[in-house]
Amino acid sequence: MPPPSTPAPRKVIHIDMDAFYASVEQRDHAHLRGVPLAVGGSRERGVVAAASYEARRFGVRSAMSSATARRLCPELIFVPPRFDVYKAVSQLIRGIFARYTPLIEPLSLDEAYLDVTHSPSGLSATAIAKAIRASIRKETGLTASAGVSYNKFLAKLASDQNKPDGLCVVTPRQGPAFVEPLPVGRFYGVGPVTAARMNKLGIFTGLDLRARSRAFLQEQFGKAGDYYYLAARGIDHRPVRVDQPRKSIGSESTFPEDLLEHDALVAGLMPAADSIAEHCARAGISGRTVTLKLRYADFRQVTRARTLPAPIADRDNLMATALALLAPLEPVEQGVRLLGLTLSNLTGSHAPSPDGQLGLEL
């Protein structure tokens with residue numbers, strides 16, 4: 001009986017539009033070209049939804065408060081978002097993707113994974129990525145960066161490698177070495193809190209991560225430990241999932257010192273509200289149900305939720321609802337070690353989901 005055949009390696013492309021919202025505004029308004037630009041609210045409690053590359057040189061980033069952005073760049077120009085325009089451009093770009101594969105997993109309006117393993121075009125993955133980028137430029141006047149590899153993890157890393165307007169290919173032979181020098185903070189699924197935990201354990205790069213055993217990583221990071229173990233070796237088995245509906249968006253923080261005072265609790269919730277608002281802005285979605293999670297110093301946990309009559313997506317409304325949910329829990333009996341927010345009952349969402357293979361023409 002012949003041995004079972006090895007499954008053919010996948011060919012995955014990650015397309016990421018360059019400063020999408022800001023680039024659309026600069027395309028449509030000549031006076032905004034070449035100047036530091038932020039899409040978002042300019043008021044004191046506003047949030048930057050997107051920043052042009054001119055603004056990024058000053059340190060302005062998405063999800064940053066507008067007040068902070070203006071301090072970093074006094075000449076920053078704010079423009080309100082036009083989500084109807086961004087959605088229309090996104091649909092045009094999606095149509096370009098569909099010329100090459102039906103297997104498209106949108107992460108937001110401005111980025112997506114494509115599985116082109118069996119593309120009817122007959123082209124290599126690299127040739128498809130080049131053709132898509134050329135069509136986007138010609139048909140929308142915008143630029144996109146692309147990463148091409150044999151799995152989603154590496155394709156996403158690659159798309160960020162030569163931004164803006166760049167292309168990076170990581171072949172199966174190159175995958176493990178490509179991961180070695182990367183800071184763990186660049187790994188998909190490793191946020192600032194997890195990166196800080198890894199750093200405390202002496203894990204700073206992909207090579208450091210690879211040096212740790214699977215058992216050690218599972219002990220330290222639970223189920224995610226297995227994913228980190230494989231990713232450090234350039235392995236990712238997640239398939240490209242077509243239009244999976246996302247049911248919620250959440251963010252939470254664990255604090256180095258327990259929180260007791262009201263002002264500290266408010267400050268502790270703001271990063272979660274900022275993160276959710278930024279994701280909503282990027283994906284063009286909103287939601288009606290806000291859930292507050294609070295974990296005390298003794299690990300006792302409570303949740304409170306409220307469903308609103310209309311969808312919300314901005315930080316101010318998220319914070320107002322979160323504080324209304326927090327109020328009956330104050331004053332807190334003991335320190336609070338974790339705070340989290342989740343937005344659900346989403347509208348307009350399309351979900352992102354979170355070896356040694358040879359012979360793949362990328």
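# Close-up views of a predicted model

**Figure 1. Thr347, a partly exposed residue.** At a relative accessibility of 35%, Thr347 counts as partly exposed, because partly exposed covers the range between under 20% and over 50%. This close-up, like the others, shows a predicted model. Thr347 belongs to strand β12, which covers residues 336–347. Which residues does Thr347 contact, leaving aside its neighbours within four places in sequence? They are Ile285, Ser286 and Pro311. Look for Lys247 too: Thr347 and Lys247 are 100 residues apart in sequence, yet their C-alpha atoms are 9.3 Å apart in space.

**Figure 2. The hairpin of β10 and β11.** Here strand β10 (residues 286–296) and strand β11 (residues 301–312) run antiparallel, joined by eight bridges. As a reminder, strands of a sheet pair through backbone hydrogen bonds, either parallel or antiparallel. One pair to find is Arg295 with its bridge partner in β11, Gln301. Four residues lie between the two strands of this hairpin. Phe299 takes a positive phi there, near 75 degrees.

**Figure 3. The open sheet of five strands.** In what order do the five strands of this open sheet stand? The order is β5-β6-β1-β7-β8, and the pairing is mixed. At the edges are β5 (104–108) and β8 (167–169); each has a single partner strand, so one side of each is left without a neighbour in the sheet. From one strand to the next, the twist averages 15 degrees. Helix α4 (residues 83–98) packs on this sheet and touches β1, β5 and β6. The direction of α4 makes about 155 degrees with that of β5. Helix α5 (residues 125–140) lies across β1, β6, β7 (144–149) and β8. Relative to β7, helix α5 runs at about 170 degrees.

**Figure 4. Strands β1 and β6, side by side.** Strand β1 (residues 12–17) pairs with β6 in the antiparallel sense, over five bridges. To see one of these pairings, start at Val12 and find Asp115, its bridge partner in β6. When you follow a strand by eye, it helps to know that in a regular strand the side chains alternate between the two faces of the sheet.

**Figure 5. Glu111 and its surroundings.** UniProt, in an unreviewed entry, places the feature "active site" at Glu111. Glu111 lies in strand β6, which spans residues 111–115. Is Glu111 buried or exposed? Its relative accessibility is 10%, so Glu111 counts as buried, given that buried means under 20%. Not counting residues up to four places away in sequence, Glu111 touches His14, Ile15, Asp16, Pro106, Lys156 and Arg282.

**Figure 6. The open sheet of three strands.** This open sheet has the strand order β3-β2-β4, with mixed pairing. Its edge strands, β3 (48–51) and β4 (77–79), each pair on one side only. The twist here averages 30 degrees from one strand to the next. Strand β2 (residues 37–40) and β3 run antiparallel and are joined by three bridges. Within that pair, Val39 of the close-up stands opposite Ala50 in β3. Helix α1 (residues 20–28) packs on the sheet, where it touches β2, β3 and β4. The direction of α1 makes about 110 degrees with that of β2.

**Figure 7. The two sides of helix α8.** Which residues of helix α8 (residues 192–200) are buried? Thr194, Ala195 and Met198 are. Around the helix axis they cover an arc of only 100 degrees, which puts them on the same side of α8. Pro192 and Lys200, on the other side of α8, are exposed. The cover over the buried residues includes α9 (206–210), α10 (214–221) and α11 (224–231). After α8 comes Gly202, with a positive phi near 80 degrees.

**Figure 8. Two buried cysteines.** A disulfide is a covalent bond between the sulfur atoms of two cysteines. How many disulfides does the structure hold? The number is zero. Cys73 is buried, at a relative accessible area of 1%. Cys168 counts as buried as well, at 10% relative accessibility.

Technical notes
Residues are numbered from 1 along each chain as its sequence is written. This is a predicted model: local features need pLDDT of at least 70, side-chain atom pairs count only at pLDDT 80 or more; totals for chains, interfaces and linings use all residues. Side-chain values use heavy atoms; hydrogens and water are left out. Buried means under 20% relative accessible area, exposed over 50%, partly exposed in between (1.4 Å probe, protein chains only). The arc is that of the directions from the helix axis to the C-beta atoms. Contact means heavy atoms within 4.5 Å. A disulfide is a pair of cysteine sulfur atoms within 2.5 Å. Two strands pair if DSSP finds at least two bridges between them. Axes are lines fitted to C-alpha atoms, for helices over the stretch in contact, and angles run from 0 to 180 degrees between N-to-C directions. UniProt positions are given in the numbering used here, feature names are shortened, and annotations may be inferred rather than shown by experiment.
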